[in-house]
Amino acid sequence: MRVRGVVHVHSSYSHDGRDSLPALQAFARQKELAFVALTDHAEDFDPEVFRRFTEECRSLSSDGPTLIPGLEFRFKSLKGLHLLALGLTRWIEPETVDDFISMTDGVAGLTVAAHPVLPNYTYPGVVLDGIGAIEVWNASYNTRFLPDPRAIRLVHRIRRSRPAVVAIAGLDQHDARNDRETRVELLEDGDPLACMRDGRFVNVGRTMRFDSGANLGPVAMAGLSGARLVLNGVEGVQDRVARWLARRGP
């Protein structure tokens, strides 16, 4: 039996999240998911809120799909650079990316560089040297249809010196009514975070699936890059039409 879950999900603990933790567990049951890796916005938390959050995750997980507590961190002067700490076991307050890498060591099951398109695929050396995963398919920014070939190439570059880094698909979900359908499928039973950290999973979306190293091959990468350009063009036209309609008014 396939063991599937989702990564990069926001609950109502985030200011822009719609779904309570019980609602997300119901979503997981409906979609036949074994786990939901939460990544709520750290700026909406303090030590007491984090304690309630982790306790609620633990309580709900005893009877159904596992809710894995985690946070998404932003950093001043580093626009678009967001780092995820999945399976966070204690409250941390990193002010810099250096702090994040050092503070998550031993207290997070997996760290992820989220939506690389936002920081233009550029990360400080400490992140490249210390992060556990790169989000190569963010179903919000990259759409549910195709992953991000530039993010995949970033993973390939990092893996030349750090082969343990994995490529992962994330939902970036804020509202369970809009399921963008990316999944992480474990290759064996076990702790989801350990399986993801060790690369024992495949990424699955509406149009394709690929392994934890995003080993697509040159022909597949060329096809993906071409399809991505076409999709980006379609999205650009849609955006321009939407702006034109908005200017015209009712």
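The exercises below work through a predicted model, from its confidence to its sheets, cysteines and single residues.

Residues are numbered from 1 along each chain as its sequence is written, and side-chain values use heavy atoms, with hydrogens and water left out. In this predicted model, local features need pLDDT of at least 70, side-chain atom pairs count only at pLDDT 80 or more, and totals for chains, interfaces and linings use all residues.

**Exercise 1. Confidence**

Find the stretch where pLDDT stays under 50, and state the chain average.

Step 1. pLDDT is the predictor's confidence in each residue, from 0 to 100. The chain averages 92. Of the residues, 92% score at least 70.

Step 2. Residues 237-246 stay under 50. In the model they have zero contacts beyond four places in sequence. Contact means heavy atoms within 4.5 Å.

Step 3. Where pLDDT is low, the predicted coordinates should not be read in detail.

**Exercise 2. The sheet with β1 and β2**

Give the strand order of the sheet that holds β2, and name its edges.

Step 1. Fix the terms. Helices (H or I, at least four residues) and strands (E, at least two) are DSSP runs, numbered from the N terminus. Two strands pair if DSSP finds at least two bridges between them.

Step 2. Read the order: β4-β2-β1-β10-β11-β12. These six strands form an open sheet with mixed pairing. The edges are β4 (66-68) and β12 (209-211), each pairing on one side only. From one strand to the next, the twist averages 25 degrees.

Step 3. Follow β2 (residues 35-38) to both neighbours. Three bridges join β2 to β4, and the two run parallel. Phe 35 stands opposite Thr 66 in β4; Ala 37 stands opposite Ile 68. On the β1 side, the pairing is also parallel, over four bridges. There Val 9 has Leu 38 of β2 as its bridge partner.

Step 4. Add the helices. α1 (residues 21-30) lies across β1 (3-9), β2 and β4, at about 140 degrees to β2. α2 (residues 47-61) packs on the sheet, touching β2 and β4, and makes about 160 degrees with β4. Axes are lines fitted to C-alpha atoms, for helices over the stretch in contact, and angles run from 0 to 180 degrees between N-to-C directions.

Step 5. Assign the hand. β1, α1 and β2 make a right-handed β-α-β unit: with the strands pointing away from the viewer, the path from the first strand over the helix to the second runs clockwise.

**Exercise 3. The faces of β2**

Which residues of β2 are buried on each side?

Step 1. Buried means under 20% relative accessible area, exposed over 50%, partly exposed in between (1.4 Å probe, protein chains only).

Step 2. In a regular strand the side chains alternate between the two faces of the sheet.

Step 3. On one side, Phe 35 and Ala 37 are buried. On the other, Val 36 and Leu 38 are buried. Both faces of β2 are covered.

**Exercise 4. The other sheet**

Place β3, β5 and β9 in their sheet.

Step 1. The order is β3-β5-β6-β7-β8-β9, an open sheet of six strands with mixed pairing.

Step 2. β3 (40-41) and β9 (166-170) each have a single partner strand, so one side of each lacks a neighbour in the sheet.

Step 3. β5 (residues 70-74) runs antiparallel to β6 (residues 82-86), joined by five bridges. Gly 70 stands opposite Leu 86.

Step 4. α5 (residues 149-159) lies across β8 (133-138) and β9, at about 160 degrees to β8.

**Exercise 5. Cysteines**

Why is Cys 57 not bonded to Cys 195?

Step 1. A disulfide is a pair of cysteine sulfur atoms within 2.5 Å.

Step 2. The sulfur of Cys 57 is 19 Å from that of Cys 195, its closest cysteine sulfur, so the two are too far apart for a bond. The disulfide count is zero.

Step 3. Cys 57 is buried at 1% relative accessible area. Cys 195 is buried at 0%.

**Exercise 6. Three single residues**

Locate His 8, Glu 181 and Leu 187, and classify their exposure.

Step 1. His 8 lies in β1. Its phi is positive, about 70 degrees, although it is not a glycine. At 0% relative accessibility, His 8 is buried.

Step 2. Glu 181 sits in the loop between β9 and β10. Its phi is also positive, about 80 degrees. Glu 181 is partly exposed, at 29%.

Step 3. Leu 187 is in the loop between β10 (183-186) and α6 (192-197). Leu 187 is exposed, at 55%. Beyond four places in sequence, it touches Arg 200, Phe 201 and Val 202.
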